[in-house]
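Please find below a colleague's note on the model under review. The points are numbered so that each may be taken up separately.

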Amino acid sequence: MQSLIQIEFPEARLLHRLDFGTSGILVFGFSKTAQELLTQAEKFYFCMVEGQLLKQGLVKFYLKDKRGKVQSVRSGGKVAITELNTVHFNSTYSLVRARLITGRRHQIRVSLAEAKCPIVGDYLYGGRPYDRLMLHAAAMILDGRLLLSSIPNSFKKEFPEFDFSAYSCFFTDK
């Protein structure tokens, strides 16, 4: 299925894929150089998770596809490294910033499910039912430029006391 961008620009290729239900930044490119630049990009996500994330910082897993679902395995999988940090929480949910170090299918979703804090709305990995998957590709640093995506109202509704207008500071410091 072609996107509106690909209809307007047939030579454009989607370089940054998002899981179904994930909102946020999509990157299209016109050359191999663009594709190579994307491999060096830093990608950041906001996730609304159940409970409070106990382990912060770098999390390393080995992931393997099993019958359409990605699972954490002790060996035989591909390494997946994610940096997870809680930026805000309330009595029910935590707002977590995830920075991808590697880019594996369902990497953030599995990492948070393994941490007993599944993403809200993630039916595949045990998240509480919600109107949508509460995973948002919020920012990317690409070729030295910070790209930001608008924050969905569903995040703002659940964290009304959090100042999303100043959220870019959560992606410029490592």
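Note on the predicted model

1. The coordinates under discussion are those of a predicted model. I begin with helix 3, where the buried residues are Gln107, Ile108, Arg109, Val110, Ser111 and Leu112. In all, 6 of the 8 residues of helix 3 are buried, and this helix may accordingly be described as mostly covered. As a reminder on helix geometry, an α-helix has 3.6 residues a turn, so residues three or four places apart point the same way.

2. The largest nonpolar core comprises 35 residues. Those with the most contacts inside this core are Tyr45, Cys47, Ile108, Leu112 and Ile119. Two or more residues come from each of strand 4, strand 5 (57–66), strand 7 (78–89), strand 8 (93–100), helix 3 and strand 9 (135–142). A second core, separate from this one, has 7 residues, among them Leu15, Leu38, Ala41 and Met140.

3. Ile108 deserves a closer look. Which residues does Ile108 touch, once those up to four places away in sequence are not counted? The list consists of Tyr45, Cys47, Thr82, Ala98, Leu100, Ile119 and Leu135. Of these partners, Tyr45, Cys47 and Ile119 are also named among the residues with the most contacts inside the largest nonpolar core.

4. The largest pocket encloses about 500 Å³ of space. Its lining is made up of 23 residues, and Lys43, Tyr45, Leu100, Gly103 and Arg104 are the closest to the pocket centre. Helix 2 (32–39), strand 4 (42–50) and helix 3 (107–114) each give two or more residues to the lining. By residue class, the lining divides into 9 nonpolar, 8 polar and 6 charged residues. Tyr45 therefore deserves a reader's attention in both settings, as Tyr45 is among the residues closest to the pocket centre and among those with the most contacts inside the largest nonpolar core.5. The structure contains 7 salt bridges. One of them joins the side chains of Asp122 and Arg109, with the closest N and O atoms 2.6 Å apart. Asp122 belongs to the loop between helix 3 and strand 9, whereas Arg109 is in helix 3, so that the pair links distant parts of the chain, 13 residues apart. Are these two partners buried or exposed? Both Asp122 and Arg109 are buried.

6. Another salt bridge is formed by the side chains of Arg128 and Glu50, at 4.0 Å from N to O. This pair also links distant parts of the chain, with Arg128 in the loop between helix 3 and strand 9, Glu50 in strand 4, and their positions 78 residues apart. Arg128 has 35% relative accessibility and therefore counts as partly exposed. Glu50, at 17% relative accessibility, counts as buried, because the cut-off for a buried residue is under 20%.

7. The side chains of Lys157 and Glu158 also meet in a salt bridge, again with an N to O distance of 4.0 Å. Lys157 counts as exposed because its relative accessibility is 55%, while Glu158, at 18%, counts as buried. In addition, Glu42, Glu83, Arg97 and Arg99 are joined into one network by salt bridges that share partners.

8. Two backbone values merit inspection. Lys116, which follows helix 3, has a positive phi near 65° and is a residue other than glycine. Lys116 is placed in the loop between helix 3 and strand 9, and its 69% relative accessibility is why Lys116 counts as exposed. Asp143, likewise not a glycine, has a positive phi of about 55°. Asp143 lies in the loop between strand 9 and strand 10 (145–148).

9. The last point concerns Leu14, located in strand 1 (residues 13–14). With a relative accessibility of 41%, Leu14 counts as partly exposed. Leaving aside neighbours within four places in sequence, Leu14 is in contact with Gln6, Leu26, Val27 and Phe28. The C-alpha atoms of Leu14 and Phe30 are 9.1 Å apart in space, and the two residues are 16 residues apart in sequence.

Technical notes
Residues are numbered from 1 along each chain as its sequence is written. This is a predicted model: local features need pLDDT of at least 70, side-chain atom pairs count only at pLDDT 80 or more; totals for chains, interfaces and linings use all residues. Side-chain values use heavy atoms; hydrogens and water are left out. On a 1 Å grid over the protein atoms alone, a cavity is a set of points where a 1.4 Å probe fits but cannot get out, and a pocket is an open set with protein on both sides within 12 Å along at least five of seven lines; lining residues have an atom within 4 Å of a point. Grid points are joined across faces, edges and corners, and a volume is the space filled by probe spheres set on the points. Helices (H or I, at least four residues) and strands (E, at least two) are DSSP runs, numbered from the N terminus. Ala, Val, Leu, Ile, Met, Phe, Trp, Tyr, Cys and Pro count as nonpolar, Asp, Glu, Lys and Arg as charged, and the others, Gly among them, as polar. Buried means under 20% relative accessible area, exposed over 50%, partly exposed in between (1.4 Å probe, protein chains only). A nonpolar core is a set of buried Ala, Val, Leu, Ile, Met, Phe, Trp, Tyr and Cys residues joined through side-chain atoms within 4.5 Å. Contact means heavy atoms within 4.5 Å.
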